[in-house]
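Grab a pencil and work through these exercises with the structure open beside you. Try each task before you read its solution.

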Amino acid sequence: MTSRILLVEDDPGIATVIGEALRETGYDLVTCASVAKRDRHLSQDRFDAMITDVLLEDGDGLASIKTVRETAPGLPIIVLSAQNTLDTAVRASASDAFEYFPKPFDLDELLAAVKAATSRSPSDGCESATTPQQDLPLIGRSPAMQEVYRLVTRVLN
């Protein structure tokens, strides 16, 4: 059975690149660019994982994950963000994100995360981190900083 992925990304270029890679890998993909369309898709269909950007045309994809959890409990959510701060990584972890990728991200690593998310059993629920948010002035786009963000997210989970 083919895994269904919901991609919520308002940058057409990024959505195209991710979409083509997922389709070539054999995933069934539905794309949208807003929180409202995401919620409509989730209420009408079943997905095995979701990839979402943080800043969307009509809201914050990360802040609205609570709504997703009410509609699709246990859905693995992979968060993408151009806001490459430790605060965003902590928020992603606190929202039970399966994985967090600061932009620019490595496409092969994203595909590996999707594979891991879709291959886990439904009983493999994510535990929520209870770390309070802090205003940390760490910003970076280098591969080394991206790895730091991913490690922090894993440690907090």
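A residue is called buried when its relative accessible area is under 20%, and exposed when that area is over 50%. Keep in mind that this is a predicted model.

**Exercise 1. Get your bearings**

Task: Find how many helices and strands there are in the chain, and what share of its residues is buried.

Solution: Start by counting elements: the chain has six helices and seven strands. Next, walk along from the N terminus, and you'll read the order β-α-β-α-β-β-β-α-β-α-β-α-α. Now for burial: of the 157 residues in the chain, 46% are buried. Finally, take the contacts between residues at least 6 apart in sequence; 68% of these join residues at least 24 apart.

**Exercise 2. A strand with two covered faces**

Task: Work out which residues of strand 7 are buried on each side.

Solution: First, a bit of background: side chains in a regular strand alternate between the two faces of the sheet. Now go to strand 7, residues 99-102. Glu99 and Phe101 sit on one side, Tyr100 and Pro102 on the other, and all of them are buried. In other words, both faces of strand 7 are covered.

Next, look for a pairing partner. Strand 6 and strand 7 run parallel and pair over four bridges; in one of the pairings, Ser81 has Pro102 of strand 7 as its bridge partner. To get from strand 6 to strand 7 the chain passes through helix 4, making a right-handed β-α-β crossover.

Helix 4 also holds Leu86. With a relative accessibility of 11%, Leu86 counts as buried. Its C-alpha atom is 10.0 Å from that of Pro102, and the two residues are 16 apart along the chain.

**Exercise 3. Two sides of a helix**

Task: Decide where the buried residues of helix 2 lie around its axis, and what covers them.

Solution: Begin with the list: Val35, Arg38 and Leu42 are the buried residues of helix 2. They span an arc of only 60 degrees around the axis, so they're on the same side of helix 2. The general rule is handy here: an α-helix has 3.6 residues a turn, so residues three or four places apart point the same way.

Then flip to the face turned away from the buried side, where you'll find the exposed residues Ser43 and Gln44. Back on the buried side, the cover includes strand 1, strand 2, strand 3, strand 4, strand 5 and helix 3.

**Exercise 4. Into the core**

Task: Find out which residues have the most contacts inside the largest nonpolar core.

Solution: This core has 23 residues, and the ones with the most contacts inside it are Leu6, Leu42, Met50, Leu75 and Val79. Elements giving two or more residues to it are strand 1, strand 2, helix 2, helix 3, strand 6 and helix 4. The largest share, four residues, comes from helix 4. Another core lies apart from this one; it has 19 residues, including Ile5, Ile51, Leu110 and Val114.

Now zoom in on Leu42. Skipping its neighbours within four places in sequence, Leu42 touches Leu6, Phe47, Met50, Val68, Thr71, Ala72 and Leu75.

**Exercise 5. A serine in a loop**

Task: Is Ser64 buried or exposed?

Solution: Locate Ser64 in the loop between strand 5 and helix 3. Its relative accessibility is 12%, so Ser64 counts as buried. Then check the polar atoms of its side chain: one lies 3.1 Å from the backbone oxygen of Asp60, and the backbone oxygen of Gly61 is 3.4 Å from a polar atom of that side chain. Last, leaving aside neighbours within four places in sequence, Ser64 is in contact with Val35 and Arg38.

Note on methods: Residues are numbered from 1 along each chain as its sequence is written. This is a predicted model: local features need pLDDT of at least 70, side-chain atom pairs count only at pLDDT 80 or more; totals for chains, interfaces and linings use all residues. Side-chain values use heavy atoms; hydrogens and water are left out. A nonpolar core is a set of buried Ala, Val, Leu, Ile, Met, Phe, Trp, Tyr and Cys residues joined through side-chain atoms within 4.5 Å. Buried means under 20% relative accessible area, exposed over 50%, partly exposed in between (1.4 Å probe, protein chains only). Contact means heavy atoms within 4.5 Å. A polar contact is a pair of N or O atoms within 3.5 Å; within protein, one must be able to donate a hydrogen and the other to accept it, and residues adjacent in sequence count only if both atoms are side-chain atoms. Two strands pair if DSSP finds at least two bridges between them. A crossover is right-handed if, with the strands pointing away from the viewer, the path from the first strand over the helix to the second runs clockwise. The arc is that of the directions from the helix axis to the C-beta atoms.
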